Amino acid sequence: MGGPGGAARHGRELTPDDLRAEHNLGPLLSASGWDMTSYADEDERFLALAVRRA
């Protein structure tokens, strides 16, 4: 799954409510018991890392 930056580079516009955007993904993960530890949306990769809360 590509991230918001990747989609923009491929000519697709994303809406503010896109779930892959960092400002949306963090709260979604948190609400389901995960804490996002890293987020990278770069030319070659999209990576979001999260750890499960104990």
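**Overall architecture and local contacts of the predicted model**

The protein exposes about 3,900 Å² of surface, and carbon and sulfur atoms supply 54% of that area. The structure described here is a predicted model, so the values below are computed from predicted coordinates. Of the 54 residues in the protein, 28% are buried. The fold contains 2 helices and 2 strands, and reading from the N terminus the order of these elements is α-α-β-β. Among contacts with a separation of 6 or more, 20% link residues that are 24 or more positions apart.

A good place to start is the strand region. Strands β1 and β2 pair in the antiparallel sense over 7 bridges, and the two are joined by a hairpin that passes through 4 residues. Within this pairing, W34 has R52 in β2 as its bridge partner. As a general point, side chains in a regular strand alternate between the two faces of the sheet.

The aromatic side chains come next. A search of the whole structure finds 1 aromatic pair. This pair is formed by Y39 and F46, whose arrangement is edge-to-face, with 5.5 Å from centre to centre and 85 degrees between the planes. Both Y39 and F46 are buried.

Attention now turns to helix α2, which spans residues 22–31 and has N24, L25, G26 and L29 as its buried residues. What lies over these buried residues? The cover includes β1 (34–41) and β2 (46–52). After α2 comes G33, a residue with a positive phi near 95 degrees.

One of the buried residues of the helix deserves a closer look. N24 is located in helix α2. Is N24 buried or exposed? Its relative accessible area is 18%, and because the cut-off for buried is under 20%, N24 counts as buried. Leaving out residues up to four places away in sequence, N24 touches P16, D17, D18 and L19. With D18 there is also a polar approach: a polar atom of the N24 side chain lies 2.7 Å from the backbone oxygen of D18.

L19, one of the residues that N24 touches, offers a useful contrast in exposure. L19 sits in the loop between α1 (4–9) and α2. Its relative accessible area is 55%, and because exposed means over 50%, L19 is classed as exposed. Even so, L19 has partners beyond its neighbours within four places in sequence, being in contact with N24, L25 and L28.

Finally, the end of the chain can be followed to R53, which is found in the segment after β2. How exposed is R53? Its relative accessibility is 39%, so R53 counts as partly exposed. In sequence R53 and G33 are 20 residues apart, yet their C-alpha atoms are 5.6 Å apart in space. Not counting residues up to four places away in sequence, R53 touches S30, G33, W34 and D35. The contact with D35 has a polar component, as the side chain of R53 makes a polar contact with the side chain of D35 at 3.0 Å. In this way R53 brings together several parts already met: G33, which follows α2, and W34, whose bridge partner is R52, are both among the residues that R53 touches.

Technical notes:
Residues numbered from 1 in each chain as written. Predicted model: local features only at pLDDT ≥ 70, side-chain atom pairs only at ≥ 80, totals over all residues. Heavy atoms only, no water. Buried < 20%, exposed > 50% of the residue type's maximum accessible area, 1.4 Å probe, protein only. Contact = heavy atoms within 4.5 Å. Phe/Tyr/Trp six-rings, centres within 6.5 Å; stacked < 30°, edge-to-face > 60°. Areas by Shrake-Rupley, 256 points an atom, 1.4 Å probe, with all protein chains shown as cover. Polar contact = N/O pair within 3.5 Å; in protein donor to acceptor, adjacent residues only side chain to side chain. Pairing = 2+ DSSP bridges.
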